[in-house]
Structure formats: C-alpha cells, structure tokens
Amino acid sequence: MKRLLESNNAIELINMSFGHRLKEIRRSNGYTQEEFAKLLNKSLPQYQKYESDTSMPPVNTIITMAQTLGVSTDDLILDPDKRMKTEDDKQLIKSISMLD
C-alpha cells in the first residue's frame, strides 16, 4: 500500500483535522469511503461522520484504521509537530497496540 506520509505530500497533512487527514490517507491507499467503512464494520453514514469531523471514532476503531492504512495512530490523530519523535517511542506504541 502507498503511504501518503512517506511521500512528498506529507507536509499537506500539517494543520489538518482528524477527518481531513483520515480522508487523505484513505484516498492515498486507494479505498473509497464505502470500501473502508465495510472494512471497519461501520455504516457509510457513520464513517462519513468521521471524515467530516462531526463524530470521533472510538479508540479501537482508530487502531484498526491505522493498521489497515499502514500508518500509526499518531499519524491519524496528531499534527506532525505533536507526534512522538523517536523510533523507540514509535516501536513501543506499536507493540502496545498489538496486545489487543
């Protein structure tokens, strides 16, 4: 899967809302809203609320989104300047999320 965050477009994710980042990363991975909603076991209207920032998904859904899209949860929910900086911290978070 293509990862938007590793491309030259990463700067475009700065100062975006959660919904906008989610939309851009989903699109970069080639999913339609309907396809991605089905992967998450969510209705299309519920998923659309996430992208429009009218509803925030539960933590377990954010983890599933990140795993499916091949990004970290930080990549989805945090502005780039607020993300963990060290690879050790990223590895720790990844290990903890795999415990579920």
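Colleague: Why does Asn41 count as exposed?

Modeller: First off, this is a predicted model, so everything here is computed. The relative accessible area of Asn41 is 72%. Exposed means over 50%, so with 72% Asn41 gets that label. You'll find Asn41 in the loop between helix 2 and helix 3.

Colleague: What is there to say about the phi of Asn41?

Modeller: The phi of Asn41 is positive, about 60°, although this residue is not a glycine. Most residues other than glycine have a negative phi. Asp53 is another non-glycine with a positive phi, about 65°, and Asp53 sits in the loop between helix 3 and helix 4.

Colleague: Why is Asp53 called partly exposed?

Modeller: Asp53 has a relative accessible area of 41%. Buried needs under 20% and exposed needs over 50%, so 41% lands Asp53 in between, and we say partly exposed.

Colleague: What makes Glu51 and Arg26 a salt bridge?

Modeller: Look at the gap between their side chains: N to O, it comes to 2.5 Å. The cut-off is a Lys or Arg nitrogen within 4 Å of an Asp or Glu carboxyl oxygen, so Glu51 and Arg26 pass. The same side chains also make a polar contact of 2.5 Å; for that label the N or O atoms must be within 3.5 Å.

Colleague: Which parts of the chain does that pair tie together?

Modeller: Glu51 is in helix 3 and Arg26 is in helix 1, so the bridge links parts 25 residues apart in sequence.

Colleague: How do you know whether Glu51 is buried or exposed?

Modeller: Check the relative accessibility, which is 9% for Glu51. Buried means under 20%, so Glu51 counts as buried. Its partner Arg26 has 5%, so Arg26 is buried too. Beyond four places in sequence, Glu51 is in contact with residues including Gly19, His20 and Gln33.

Colleague: How many salt bridges does the structure hold?

Modeller: The structure holds 2. Besides Glu51 and Arg26, there's Lys38 with Glu34, whose closest N and O atoms are 3.7 Å apart. That is within the 4 Å cut-off, so the pair qualifies. Lys38 and Glu34 both lie in helix 2, 4 residues apart, which is about one turn of the helix.

Colleague: Why is Lys38 called exposed, and why is Glu34 called partly exposed?

Modeller: Lys38 has a relative accessible area of 59%, and 59% is over 50%, so Lys38 is exposed. Glu34 has 44%, between the two cut-offs, so Glu34 is partly exposed.

Colleague: Why is Leu22 called buried?

Modeller: Leu22 has a relative accessible area of 0%. That is under 20%, so Leu22 is buried. Leu22 sits in helix 1, and among its contacts beyond four places in sequence are Phe36, Tyr47, Tyr50 and Met65. Leu22 and Tyr50 are 28 residues apart in sequence, yet their C-alphas are 8.2 Å apart in space.

Colleague: Which residues touch the most other members of the largest nonpolar core?

Modeller: Out of 15 residues, those are Phe18, Leu22, Phe36, Tyr47, Met65, Leu69 and Leu76. Helices 1, 2, 3 and 4 each give two or more residues to this core, and helix 4 gives the largest share, 4 residues. Met65 contacts Phe18, Leu22, Phe36, Tyr47 and Leu76, among others beyond four places in sequence. Met65 is also one of the buried residues of helix 4.

Colleague: Which residue with a positive phi follows helix 4?

Modeller: Gly70 follows helix 4, and its phi is near 75°.

Colleague: Which residues make the nonpolar surface patch?

Modeller: Leu92, Ile93, Ile96 and Leu99 make a patch of about 400 Å². Take Ile93, found in helix 6: its relative accessibility is 33%. A patch residue needs over 30%, so Ile93 passes that part of the test. Ile93 is labelled partly exposed, because 33% falls between 20% and 50%.

Colleague: How many helices and strands does the chain have?

Modeller: The chain has 6 helices and 0 strands. Of its 100 residues, 34% are buried. The chain exposes about 6300 Å², with carbon and sulfur atoms supplying 51% of that area.

Terms used:
Residues are numbered from 1 along each chain as its sequence is written. This is a predicted model: local features need pLDDT of at least 70, side-chain atom pairs count only at pLDDT 80 or more; totals for chains, interfaces and linings use all residues. Side-chain values use heavy atoms; hydrogens and water are left out. Patches are made of residues with over 30% relative accessible area and no salt bridge: like charges are joined within 9 Å, nonpolar side chains (Val, Leu, Ile, Met, Phe, Trp, Tyr) within 5 Å. Accessible areas come from the Shrake-Rupley method with a 1.4 Å probe; for residues, only the protein chains shown count as cover. Buried means under 20% relative accessible area, exposed over 50%, partly exposed in between (1.4 Å probe, protein chains only). A nonpolar core is a set of buried Ala, Val, Leu, Ile, Met, Phe, Trp, Tyr and Cys residues joined through side-chain atoms within 4.5 Å. Contact means heavy atoms within 4.5 Å. A polar contact is a pair of N or O atoms within 3.5 Å; within protein, one must be able to donate a hydrogen and the other to accept it, and residues adjacent in sequence count only if both atoms are side-chain atoms.
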